[in-house]
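Visitor: I would like to go through this model term by term and hear the reason behind each label. Can we start once it is on display?

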Amino acid sequence: MSTTESPQVTTDTKRTAADRKAKGTQETLEDYTLRFAPRSYRRWTPMVVATTALGGIAYMADFSIGAGIGLAHGTGNALVAIAVAAVVIFLTGFPLAYYGARYNLDLDLITRGSGFGYVGSVVTSVIFASFTFIFFALEGAIMAQGLRLGLGLPLWLGYAVSTLMVIPLVIYGMKALSTLQVWTTPIWLLLMVGPLVYLVANDPGTVERFLAYPGTTGDGAVNTASVMLGAGVCLSLIAQIGEQIDYLRFMPPKTEANKRSWWTAVVMAGPGWVVLGALKQAIGVFLAVHIIAEVGPAAAPEPIQQFRSAFDAMMPSWLVIPLAVALVVISQIKINVTNAYSGSLAWTNSFTRITRHYPGRMVFVLVNLAFALILMEADMFSFLGSILGFYSNCAIAWVVTVATDIGINKYVLKLSPLQPEFRRGMLHAVNPVGVVAFTAASGLSIAMYFHLLGDTLQPYSPVAAAVIAFVLTPLMAVVTKGRYYLRRTDDGIAEPLLDADGNPSAVTLDCHVCRQSYERPDVTACATHAAVVCSLCLSTDKAGDHVLPATV
């Protein structure tokens with residue numbers, strides 16, 4: 001994998017060495033924050049991109065989530081809930097992952113052209129940013145628990161350490177993250193899987209106790225209400241596909257030569273992340289049941305306690321704490337560099353569209369970390385289930401809306417443009433298709449979650465969010481006849497957007513505003529000059545001088 005970047009030089013304009021250096025530095029730091037990821041930057045193989053993306057799901061929260069559901073509702077309800085959530089996450093994640101990898105866009109850029117509009121998707125960017133700092137805080141809290149057990153650090157100091165240590169790693173975006181994830185994944189897998197295999201092999205009775213555990217709220221029998229409550233918590237992870245796409249957008253072009261590895265990488269690292277996630281949740285239930293008699297129900301959901309006990313069964317005592325702490329620290333670093341990175345992209349996208357000012361991604365790395373640290377200091381771990389249960393309603397409504405727009409409105413009804421559009425001037429500010437579907441689905445499901453429609457319906461709030469979004473998205477497209485997707489159909493440039501293989505074109509054009517070269521999908525014609533302008537310059541054009549007029 002290449003770790004250097006050679007800016008392209010067009011035949012029309014040759015930049016000086018200083019210009020090349022400045023642009024290379026900017027692109028390294030910003031990592032194509034608000035725009036299409038160009039082919040010249042995407043030099044990784046499909047499997048390297050997939051490994052990097054999957055490395056970001058090494059978080060320990062799954063163990064806590066699974067343990068919390070299992071301890072409350074019993075193993076049977078927990079396993080069914082985990083399976084139901086996994087199916088929903090896989091089905092909704094597939095079209096999003098495909099679009100991100102095929103057209104090299106992050107989930108916010110996909111959302112803009114898939115029912116929400118240029119400004120309408122700001123609300124979903126904020127939802128995604130919230131996802132990243134909620135889970136950063138959760139992982140940071142887990143790491144702080146490990147540092148307290150291993151080094152005796154007070155929790156407040158552990159929170160600070162877990163927050164500050166990721167800053168150097170997230171500065172350089174995909175280049176640094178790919179190296180980190182590839183090298184740490186084998187170690188992480190060994191530390192996670194080894195203790196589990198040992199316990200099952202040496203004490204088969206642990207499996208029987210695990211399967212028979214009844215939970216604290218019932219007799220262990222599988223019932224719909226318990227399954228839905230558990231699935232609602234698991235479905236808070238549905239927005240994880242956004243973080244997967246932040247890596248998948250760097251996939252190489254899909255060709256006849258690489259199509260098998262390309263599809264394998266997209267499925268495995270896109271919707272396929274949930275397979276490993278579901279397994280980790282089930283392992284969390286197993287380990288919590290295994291240690292509950294030893295540490296009690298309050299500490300059983302803590303991953304550091306789960307793996308301390310597991311290592312204790314197979315290792316010399318002097319190795320137990322160091323290995324448990326190492327696992328927690330490696331996992332926290334692997335996921336929280338992704339949380340910090342993806343959150344900074346989401347905040348930057350929202351801020352730039354609202355203010356027409358681009359402050360740079362690093363500003364919002366710090367903003368995201370500040371929010372996460374506040375949550376940690378507020379002891380969010382103690383009310384984890386409530387936070388995730390509420391958040392899942394918004395996340396489900398958003399992801400199902402976009403997935404339905406791609407799967408139904410684009411391919412079945414053909415009312416939504418097949419190729420995603422994200423550039424200012426090409427999209428309406430607000431598209432009622434996605435905005436109405438999302439607002440109705442999230443609003444009604446949140447009302448159900450807070451018992452406003454009665455106690456009987458409360459467990460079914462995630463189902464309501466998914467069903468309403470799935471029904472309203474195509475219905476709104478039919479009602480509006482697809483009029484609010486595109487503001488214009490022609491971007492004023494004769495050069496095709498796609499090459500012969502259907503991949504985004506690699507032809508470069510010079511933006512007359514910032515005087516840098518960009519690949520074809522990232523530019524449009526300028527409204528006031530016989531030239532082109534890049535998507536970021538359009539985003540920061542406060543007067544709208546360069547924005548093309550509407551034609552539809």
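Visitor: Why is Arg209 called partly exposed?

Guide: Its relative accessibility is 46%. Buried means under 20% relative accessible area, exposed means over 50%, and partly exposed is what lies in between, using a 1.4 Å probe and protein chains only. The value for Arg209 falls in between, so the label is partly exposed.

Visitor: Where do these values come from?

Guide: This is a predicted model, in which local features need pLDDT of at least 70 and side-chain atom pairs count only at pLDDT 80 or more, while totals for chains, interfaces and linings use all residues. Residues are numbered from 1 along each chain as its sequence is written, and side-chain values use heavy atoms, with hydrogens and water left out.

Visitor: What is the average pLDDT of the protein?

Guide: pLDDT is the predictor's confidence in each residue, from 0 to 100. The protein averages 85, and 90% of the residues score at least 70. Over residues 1-30, pLDDT stays under 50.

Visitor: What makes Asp203 and Arg209 a salt bridge?

Guide: A salt bridge is a side-chain nitrogen of Lys or Arg within 4 Å of a carboxyl oxygen of Asp or Glu. For Asp203 and Arg209 the N to O distance is 3.2 Å, so the pair meets the rule. Asp203 is partly exposed, at 30%. By this rule the count comes to 12 salt bridges.

Visitor: How do you know that Asp491 and Arg520 form a salt bridge, and which parts does the pair tie together?

Guide: Their N to O distance is 2.9 Å, which satisfies the same rule. Asp491 lies in the loop between helix H20 (461-480) and strand S1 (508-510), and Arg520 in the loop between strand S2 (517-519) and strand S3 (523-525), so the pair joins parts that are 29 residues apart in sequence. Helices (H or I, at least four residues) and strands (E, at least two) are DSSP runs, numbered from the N terminus. Glu421, Arg423, Asp491 and Arg520 form one network of salt bridges that share partners.

Visitor: Are Asp491 and Arg520 buried or exposed?

Guide: Asp491 has 5% relative accessibility and Arg520 has 2%. Asp491 is therefore buried, and Arg520 is therefore buried as well.

Visitor: Why does Arg42 have no salt bridge?

Guide: The nearest side chain of opposite charge, that of Glu519, is 4.7 Å away. The rule asks for a distance within 4 Å, so this pair does not count. As for charge, Lys and Arg count as positive and Asp and Glu as negative, with His and the chain ends not counted. Arg42 is buried, and its place is the loop between helix H1 (17-30) and helix H2 (46-55).

Visitor: How many disulfides does the structure hold, and how do you know that Cys514 is in none?

Guide: The structure holds 0 disulfides. A disulfide is a pair of cysteine sulfur atoms within 2.5 Å. For Cys514 the nearest cysteine sulfur, that of Cys511, is 3.7 Å away, so the cut-off is not met. Cys526 is in no disulfide either, with the sulfur of Cys511 as its nearest at 8.5 Å. At 28% relative accessibility, Cys514 is partly exposed, whereas Cys526, at 7%, is buried.

Visitor: What makes a set of residues a nonpolar core?

Guide: Such a core is a set of buried Ala, Val, Leu, Ile, Met, Phe, Trp, Tyr and Cys residues joined through side-chain atoms within 4.5 Å. The largest here has 135 residues, and those with the most contacts inside it are Leu96, Phe135 and Trp398. Apart from that core lies another, of 15 residues, including Tyr518 and Val533.

Visitor: With which residues is Trp398 in contact?

Guide: Contact means heavy atoms within 4.5 Å. Leaving aside neighbours within four places in sequence, the partners of Trp398 include Leu107, Phe116, Ala239 and Phe438.

Visitor: Why is Asn339 called buried?

Guide: Its relative accessible area is 1%, so Asn339 counts as buried. Asn339 lies in helix H16 (residues 317-355).

Visitor: And why is Lys414 called exposed?

Guide: Its relative accessible area is 62%, which is over 50%, so the label is exposed. Lys414 lies in the loop between helix H18 (384-410) and helix H19 (432-449), and has a positive phi of about 60° although it is not a glycine.
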